[in-house]
Amino acid sequence: MKTQRNCYVYVYNGYSDWEPALAIFGLNNFTDIQVVPFSLDGQPVTSGGNVSVQPQQSLEQAMATDIDLLIIPGGTTIASGSEHRALLPLLLKQLESGRLLAAICDATAFLGNQGLLDHVAHTGNDAQVLQMMAPAYKGVAHYINRPAVTSGNLITAAGTAMVPFTKEIYAALGLLDKQELAFWFGFFDAAGSTPKFSHVQPLPFFYRSYEVNMEGMLPLVRTATREMYQQAIAADLEVSGPVQWHYHQFDGNPETVFRLDIGLPVTAIAPVPAPYQCETLPAFDCISTTHEGGWDKLGDTYGQLISVLQVLGIPMSGYNREQYFQYDFNQPDQNITNVQIGIIKP
């Protein structure tokens, strides 16, 4: 009984090796999905980048396998080369069985020439290019002008869309919630919010400290921020950034009493009356990311960052910061919050 999922990648002389590379690297290194390159006869091929590739299987062996994801990359011969027509039974089997088929660049023209794009939403290098490269193509009414498109179990992409192509594949396989994969892929995915490690410089900070638990923190959400702006103006301080909340030794337990500093960055320190403080905070090493949306989901963002630290074996310092770049109590989905978790560098 088949339990491990697999990804079969068609390789041939001149195939565009960069097009499936990102997707298969992530699958091979951050999931348990087995990546299997195959060629028509199982013999070695040379990619368009002059890389020699030794396939693990032939087309005949691939036909005898239940394939979870089949990737067809573009290349110099795929659209018009008659030898590739031998793939058609495998493509039909994949589509009819409801399993994933992913084609990129000129491989979409190959699908179009076989009539496989005539009745399904798809994309490619360009609708007119598809018509020129695939004389039998009749699916222009279903063409979508996007870098990558998923329609049912078919994924298509333009040749310049390696990253969107990869994201569609990961989404279709249900992998985007895997923390290690998401962290690694975030460095390529400009549409995502990528965690990053930072060394924050010393910060002149005007603030007030509170000893609270989670319940005691909630009444401060609106009142403390307004108070800090009023007191900063009264003290003739020049505010240089958005309001920040700094958490000291908060462990996520609602009952834990911790120190919370609420304040504003300022251009220079100055004497202020108690209970307020104004001092230059020391440099701060952290992992950070931008949280977009309501604060009720902040826990998910913290969980993602903490998972990355656990994977990398980096200890937390117990000191975290939140910077509120934008907040709207009527439309919390518009909130933009920068979350910083302090780390102890090795």
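**Exercise 1. Find how strand E7 is joined to strand E9, and place both in their sheet.**

Step 1. Strand E7 (residues 100–104) and strand E9 (residues 154–157) run parallel and are joined by 4 bridges. Strands here are DSSP runs of type E with at least two residues, helices are runs of type H or I with at least four, and both are numbered from the N terminus. Two strands pair if DSSP finds at least two bridges between them. The model is a predicted one: local features need pLDDT of at least 70, side-chain atom pairs count only at pLDDT 80 or more, and totals for chains, interfaces and linings use all residues. Residues are numbered from 1 along each chain as its sequence is written, and side-chain values use heavy atoms, with hydrogens and water left out.

Step 2. Take one residue pair: Leu101 has Leu154 in E9 as its bridge partner.

Step 3. Helix H4 (residues 106–113) packs on the sheet and touches E6, E7 and E9, where contact means heavy atoms within 4.5 Å. The direction of H4 makes about 120 degrees with that of E7. Axes are lines fitted to C-alpha atoms, for helices over the stretch in contact, and angles between N-to-C directions run from 0 to 180 degrees.

Step 4. Read the strand order of the open sheet of 7 strands: E5-E2-E1-E6-E7-E9-E8, with mixed pairing. Strand E5 (57–58) and strand E8 (148–151) are the edge strands, each pairing on one side only.

**Exercise 2. Identify the partner of Arg99 in a salt bridge and say why the pair links distant parts of the sequence.**

Step 1. A salt bridge needs a side-chain nitrogen of Lys or Arg within 4 Å of a carboxyl oxygen of Asp or Glu. The whole structure has 3 salt bridges.

Step 2. Arg99 forms a salt bridge with Asp66, and their closest N and O atoms are 3.9 Å apart.

Step 3. Arg99 lies in the loop between helix H3 (88–96) and E7, and Asp66 in the loop between helix H2 (59–63) and E6, so the pair ties together parts that are 33 residues apart in sequence.

**Exercise 3. Describe the antiparallel sheet and the helix H9 on it.**

Step 1. This open sheet of 8 strands has the order E10-E15-E17-E16-E12-E13-E11-E14, with antiparallel pairing. Its edge strands are strand E10 (196–200) and strand E14 (276–281).

Step 2. Strand E11 (residues 203–212) pairs with E14 in the antiparallel sense over 6 bridges. Leu203 has Leu281 in E14 as its bridge partner.

Step 3. H9 packs on the sheet, touching E11, E12, strand E13 (258–265) and E14, and its direction makes about 140 degrees with that of E11.

**Exercise 4. Work out which elements and residue classes line the largest pocket.**

Step 1. On a 1 Å grid over the protein atoms alone, a pocket is an open set of points with protein on both sides within 12 Å along at least five of seven lines, and lining residues have an atom within 4 Å of a point.

Step 2. Of the 26 lining residues, Met217, Tyr247, Phe250, Tyr302 and Glu322 are the closest to the centre of the largest pocket.

Step 3. Helix H8 (214–217), helix H9 (220–234), strand E12 (244–248), helix H10 (298–312) and strand E16 (316–326) each supply at least two lining residues. E16 gives the most, with 5 residues.

Step 4. By class, the lining has 17 nonpolar, 6 polar and 3 charged residues. Ala, Val, Leu, Ile, Met, Phe, Trp, Tyr, Cys and Pro count as nonpolar, Asp, Glu, Lys and Arg as charged, and the others, Gly among them, as polar.

Note on methods
On a 1 Å grid over the protein atoms alone, a cavity is a set of points where a 1.4 Å probe fits but cannot get out, and a pocket is an open set with protein on both sides within 12 Å along at least five of seven lines; lining residues have an atom within 4 Å of a point.
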